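This report goes through a single protein chain, from its fold to its charged pairs, its core and its surface. The sequence and structure come before the discussion.

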Amino acid sequence: MAKAKDKDKGSGRKLVAQNKKARHDYLIIDTYECGLVLTGTEVKSLRQGRASLVDGFVQIDGHEAWLHNVHIPEYAQGTWTNHSARRKRKLLLHRAEIDKLESKSSETGHTIVPLVVYFKEGRAKVEIALAKGKKEYDKRQTLREKQDTRETNRAIAAAKRRQRA
């Protein structure tokens, strides 16, 4: 019974890597789910949960989206067919989505960053985001807001505990 619930909650999604710093450094405007063109050893390395999105970015070249600087380490049991760790990888998106991303990312201060790499129903997927860079004071404001909401939630919980006792 418990296993059936877990399958429904996860919906076949296995998280591999997350870029938490992107949400701190950028204001996320819009997100897209796209597929990845990978070699066999890259898939095996991802299935082991090994990847880093920290320096990653997306670039549009000739109506194709490319993922740059994402580190997928070499597969340990791989042979001469192993991949290079930081090669650029093609993203699978619809033409309309690529055109929209291309026009929006050409505006000043906008970029496209990878947020999450995961497996969905056995296929490697990347969630990318159209983002705008935050200034230092914006980052401080965001941290302050998070801290304020955390403090109010603690105060509410403490008041409820006192009320019950």
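## Burial and overall fold

A residue is called buried when its relative accessible area is under 20%, exposed when it is over 50%, and partly exposed in between. Arg-89, with a relative accessible area of 0%, is therefore buried. The model discussed here is predicted.

The protein has 165 residues, and 31% of them are buried. Its secondary structure consists of five helices and seven strands. Read from the N terminus, the order of elements is α-β-α-β-α-β-β-β-α-β-β-α.

## Salt bridges

Side chains of opposite charge can pair when their charged atoms come close. The structure contains five salt bridges; three are described here.

Arg-89 pairs with Glu-42, and their closest N and O atoms are 2.8 Å apart. Arg-89 is in strand β5 (residues 89-92) and Glu-42 in helix α3 (residues 40-47), so this bridge ties together parts of the chain 47 residues apart in sequence. Arg-89 is buried at 0% relative accessible area, and Glu-42 is likewise buried, with a value of 0%.

A second bridge joins Glu-127 to Arg-23, with 3.8 Å between the closest N and O atoms. Glu-127 belongs to strand β7 (residues 123-133) and Arg-23 to helix α2 (residues 20-25), so the pair ties together parts 104 residues apart in sequence. Glu-127 is buried, with a relative accessible area of 17%, whereas Arg-23 is partly exposed at 45%.

The third bridge described here is between Lys-120 and Glu-33, whose closest N and O atoms are 3.5 Å apart. This pair links distant parts of the chain, with Lys-120 in strand β6 (residues 110-120) and Glu-33 in strand β2 (residues 26-36), 87 residues apart. Lys-120 is partly exposed, with a relative accessible area of 32%. Glu-33 also counts as partly exposed, at 37% relative accessibility.

## Nonpolar core

In soluble globular proteins, nonpolar side chains tend to be buried together. In this model the largest nonpolar core has 24 residues, and Leu-91, Leu-93 and Ile-128 have the most contacts inside it. At least two core residues come from each of β1 (13-18), β2, β3 (57-61), β4 (64-68), α4 (95-105), β6 and β7. Strand β7 gives the most, with four residues.

Strand β7 thus appears in two of the descriptions above: Glu-127 of its salt bridge with Arg-23 lies in it, and it supplies four residues to the core.

## Contacts between distant positions

Two further pairs are separated in sequence. Lys-20 and Val-116 are 96 residues apart along the chain, and their C-alpha atoms are 8.8 Å apart in space. Lys-20 is in helix α2 and counts as exposed, at 64% relative accessibility.

Gln-48 and Val-16 are 32 residues apart in sequence, with a C-alpha to C-alpha distance of 8.2 Å. Gln-48 sits in the loop between α3 and β3. Its relative accessible area of 42% makes Gln-48 partly exposed.

## Backbone at two loops

Which residues other than glycine have a positive phi? His-63 is one of them, with phi near 60°. His-63 is placed in the loop between β3 and β4 and is partly exposed, with a relative accessible area of 41%.

Glu-121 is another, with a positive phi of about 55°. Glu-121 lies in the loop between β6 and β7. With a relative accessible area of 67%, Glu-121 is exposed.

## Positive surface patch

Four residues gather in a patch of positive charge on the surface: Lys-160, Arg-161, Arg-162 and Arg-164. Lys-160 is located in helix α5 (residues 136-164).

A residue must have over 30% relative accessible area and no salt bridge to be part of such a patch. Lys-160 is partly exposed at 47%, so Lys-160 is above that area limit.

Methods
Residues numbered from 1 in each chain as written. Predicted model: local features only at pLDDT ≥ 70, side-chain atom pairs only at ≥ 80, totals over all residues. Heavy atoms only, no water. Patch = residues over 30% accessible without salt bridge, like charges linked within 9 Å, V, L, I, M, F, W, Y side chains within 5 Å. Areas by Shrake-Rupley, 256 points an atom, 1.4 Å probe, with all protein chains shown as cover. Salt bridge = Lys/Arg side-chain N within 4 Å of Asp/Glu carboxyl O. Lys, Arg positive; Asp, Glu negative; His and termini not counted. Charge placed at Lys NZ, Arg CZ, Asp CG, Glu CD. Buried < 20%, exposed > 50% of the residue type's maximum accessible area, 1.4 Å probe, protein only. Core = buried A, V, L, I, M, F, W, Y, C linked by side-chain atoms within 4.5 Å.
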